[in-house]
Amino acid sequence: MKLHHVGIVVPNIRDSLGELGKYFKFESISIPTLVGSQKVNVCFLKVGQPYIELIEPASVDTPVTSF
């Protein structure tokens, strides 16, 4: 079994990219994408293996709001 990614819930993807950019050199960054069924925006960062997934609430009633 191989670990593909680690998800981190953040209040704001753009702000988090700036902060994480101080510590990591990204090989690639996916365009933030809305996952409507979960009411979140997600963005994958390639920094090697595994990827980092940033998860941003897109609504106040999303399952990740309490994180």
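## Exercises on a predicted model

Y51 lies in strand β5. The model is predicted.

**Exercise 1. Which residues does Y51 touch, and is Y51 buried or partly exposed?**

Step 1. Leave out residues up to four places away in sequence. Y51 then touches H4, H5, V6, F44, L45 and K46.

Step 2. Classify the residue. Y51 has a relative accessible area of 22%, and buried means under 20%, so Y51 is partly exposed.

Step 3. Take a C-alpha distance. Y51 and N12 are 39 residues apart along the chain, and their C-alpha atoms are separated by 18 Å.

**Exercise 2. Find the partners of E53. What is the nearest side chain of opposite charge?**

Step 1. Place the residue. E53 is in strand β5, which covers residues 51-57.

Step 2. Check for charge partners. E53 is buried and has no salt bridge. The nearest side chain of opposite charge is that of K46, 15 Å away.

Step 3. Look for a polar partner. The side chains of E53 and H5 share a polar contact of 3.1 Å.

Step 4. List the contacts beyond four places in sequence. E53 touches H5, V6, G7, I8, V42, C43 and F44.

**Exercise 3. How many salt bridges are there, and which residues form them?**

Step 1. Apply the cut-off: a Lys or Arg side-chain nitrogen within 4 Å of an Asp or Glu carboxyl oxygen. The count is three.

Step 2. Take K22 and E19. Their closest N and O atoms are 3.2 Å apart. K22 is exposed at 60% relative accessibility, while E19 is partly exposed at 39%.

Step 3. Take E27 and K46, with closest N and O atoms 4.0 Å apart. This pair links distant parts of the chain: E27 sits in the loop between α1 and β2, K46 in strand β4, 19 residues apart. E27 is exposed, at 54%.

Step 4. Take K39 and D61, which meet at 2.8 Å, N to O. K39 is in the loop between β3 and β4, and D61 is in the segment after β5, 22 residues apart. K39 is partly exposed at 33%, as is D61 at 47%.

**Exercise 4. What is the fold pattern, and what radius of gyration does the protein have?**

Step 1. Count the elements. There are one helix and five strands, in the order β-α-β-β-β-β.

Step 2. Compare with the globule rule. For 67 residues a compact globule would have a radius of gyration near 11 Å; the protein has 12 Å, which agrees.

Step 3. Add the extents. The C-alpha trace spans about 35 × 30 × 20 Å along its principal axes.

Step 4. Add burial. Buried residues make up 27% of the 67.

Terms used:
Residues are numbered from 1 along each chain as its sequence is written. This is a predicted model: local features need pLDDT of at least 70, side-chain atom pairs count only at pLDDT 80 or more; totals for chains, interfaces and linings use all residues. Side-chain values use heavy atoms; hydrogens and water are left out. Helices (H or I, at least four residues) and strands (E, at least two) are DSSP runs, numbered from the N terminus. Buried means under 20% relative accessible area, exposed over 50%, partly exposed in between (1.4 Å probe, protein chains only). Lys and Arg count as positive and Asp and Glu as negative; His and the chain ends are not counted. A polar contact is a pair of N or O atoms within 3.5 Å; within protein, one must be able to donate a hydrogen and the other to accept it, and residues adjacent in sequence count only if both atoms are side-chain atoms. Contact means heavy atoms within 4.5 Å. The radius of gyration is taken over C-alpha atoms; the globule rule is 2.2 Å times the number of residues to the power 0.38.
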